[in-house]
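Thanks for coming. I will take a few minutes on one model and go through its metal sites, its cores and its salt bridges.

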Amino acid sequence: MSKRDYYEVLGVDRSADKTTLKKAFRKLAQQYHPDVNGAPESEAKFKEINEAYQVLNDDQKRAAYDRFGHAATGPGSGGYTDFGAGGFGDLGSIFEEIFGGFGGATSGRARRNAPRRGADLRADVRLTFEEAAFGCERELDVPRMEMCDRCHGEGAEPGTTPIRCSTCGGAGEVQRRQQSPLFGTVVTAATCPACNGSGETITSPCGKCNGAKRVRVNRKINVNIPAGVDDGTRIRLTGEGEAGMLGGPAGNLFVVIGVEPHPIFVRQEFDIHMELPVNIAQAALGATVRIPTLDGGEESLEIPAGTQNGKIFRKRNLGIPRLQRSGRGDMLINVRVVVPTNLNGEQKDLLRKLAATLGDESIEPSKGFFDRIFGDR
Ligand SMILES: [Zn+2]
Ligand SMILES: [Zn+2]
């Protein structure tokens, strides 16, 4: 398999600086990301771009590549099979497929006893329409792993100290040599099974966490939900996720908002819509009506004489407060002219008299009719 030159892959010249590399990589990565680009070859292309960038962006690897070409970076060259987390995503799984059964081996990543970030957590919150609009405070029950307060995350009973793991000598990982039909002798690293990567053996485990260093706690967390959130809004509470391991930072807590529908209002961005039924007399003669507001009050609305069905009135600043900005959206009132269905005799007579004075409307489609059926052309 012949490999393309890394500079050629990224479309940069050999003297390109890191800013240029990054720009080129970003542009190509966006173009060929398999989630964006549906083409079947995009995944291979994306890997190629990623590989080229990982090498050229690392001064040491780039220098080796400049001198020895691909021989400096290929697997089995004794060179660089370790591209770190998130680099060569798939290299690990390729190794696993070839040398499966390593018991938790994830090759290509060194230093198993490096700090590990705690997991992110999610909490769902259901709000009424008004709570979402105007903001509110909520107390959440969050079950999560926290650092054990008895041993302060050491895992050892206070007063005792862990000793160095005898299996890995404190490195947290063990190395395995395997013969590969493709690459010759390959050395892979696996998390030390004896100490689980910590490099230490705890002789007297902490009485509270049993040496696990973290304990499960049902934590109550107050969260201020800002005005203007909507269904699906995610609020990040930094560091409120699970505690990290080996000195790593805590994860984040994501609060995901769900909003109940309102009996009257329908939200669209920061505007709210409502339907206003009016009778034919109000529509024809005009009227002043009271309409409810989101705040629980009332506003008056002037309906001019001759208002047609479907007419929309706008009341400024009576919508939803804009999330993390000032001002509010608008309230839009959609008029629905209701044709009466249960007229009594007197009402029918009145309408007949009215009908006699109106004469025959000509039956000719208006321009508006065509626009409604076929859209604007
Ligand atoms: Zn403990
Ligand atoms: Zn060990």
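What follows is a walk from the overall fold to individual side chains.

First, a caution: this is a predicted model, and every value I quote is computed from its atoms.

The protein has 377 residues, and 35% of them count as buried. Its secondary structure consists of nine helices and 15 strands. If you take contacts between residues at least 6 apart in sequence, 63% of those join residues at least 24 apart. The exposed surface comes to about 23,300 Å², with carbon and sulfur atoms supplying 49% of that area.

Now the metals, beginning with ligand 1. Which residues coordinate this zinc ion? Four cysteines do, each through SG: Cys148, Cys151, Cys206 and Cys209, at 2.3 Å. The angles among the four donor atoms run from 104 to 116°, and the site is tetrahedral. For anyone setting up parameters, the reasoning is short: four donors count as tetrahedral if all angles lie between 85 and 135 degrees, and 104 to 116° falls inside that window. Along the chain the donors follow the spacing C-x2-C-x54-C-x2-C. Cys148 and Cys151 are both buried.

The zinc ion that is ligand 2 has Cys165, Cys168, Cys192 and Cys195 as its protein donors, again by SG, at 2.2 to 2.4 Å. Here the donor angles span 103 to 118°, and this site is tetrahedral too. The sequence spacing reads C-x2-C-x23-C-x2-C. Of these donors, Cys165 and Cys168 are buried.

On to the interior. In soluble globular proteins, nonpolar side chains tend to be buried together. In this model the largest nonpolar core holds 38 residues, and Ile225 and Leu253 are the ones that touch the most other members. Separate from that core is another one, of 18 residues, including Tyr7, Leu10, Leu28 and Phe46. Back to Ile225: what does isoleucine 225 touch, leaving out residues up to four places away in sequence? The list is Val125, Leu127, Gly135, Cys136, Arg138, Ile235 and Ile257.

Arg138, from that list, brings me to charged pairs. The whole structure contains 25 salt bridges. In one of them, Arg138 meets Glu131, with N to O at 3.2 Å. Arg138 is partly exposed, because its relative accessibility is 24%, and Glu131 is partly exposed as well, at 23%.

A second pair is Asp230 with Arg267, at 3.5 Å from N to O. This one links distant parts of the chain: Asp230 sits in the loop between β7 (214–225) and β8 (234–237), while Arg267 belongs to strand β10 (residues 266–268), 37 residues apart. Are the two partners buried or partly exposed? Asp230 has 28% relative accessibility, so it counts as partly exposed. Arg267 has 17%, so it counts as buried; the cut-off for buried is under 20%.

A third bridge joins Glu298 to Arg290, where the closest N and O atoms are 3.1 Å apart. Both of these residues are exposed.

Finally, some salt bridges form a network, and the residues linked in it are Arg144, Glu146, Arg219 and Glu240.

To recap the metal part: both zinc sites are tetrahedral, with cysteine SG atoms coordinating ligand 1 and ligand 2. That is all I have.

Terms used: Residues are numbered from 1 along each chain as its sequence is written. Chains are lettered from A and ligands numbered from 1 in the order in which they are written. This is a predicted model: local features need pLDDT of at least 70, side-chain atom pairs count only at pLDDT 80 or more; totals for chains, interfaces and linings use all residues. Side-chain values use heavy atoms; hydrogens and water are left out. Donors are N, O and S atoms within 2.8 Å of the metal (3.2 Å for Na, K and Ca); water is not among the atoms, so sites may look incomplete. Four donors count as tetrahedral if all angles lie between 85 and 135 degrees; four count as square planar and six as octahedral if opposite donors are over 155 degrees apart and all others between 65 and 115; anything else is irregular. Buried means under 20% relative accessible area, exposed over 50%, partly exposed in between (1.4 Å probe, protein chains only). A nonpolar core is a set of buried Ala, Val, Leu, Ile, Met, Phe, Trp, Tyr and Cys residues joined through side-chain atoms within 4.5 Å. Contact means heavy atoms within 4.5 Å. A salt bridge is a side-chain nitrogen of Lys or Arg within 4 Å of a carboxyl oxygen of Asp or Glu. Helices (H or I, at least four residues) and strands (E, at least two) are DSSP runs, numbered from the N terminus. Accessible areas come from the Shrake-Rupley method with a 1.4 Å probe; for residues, only the protein chains shown count as cover.
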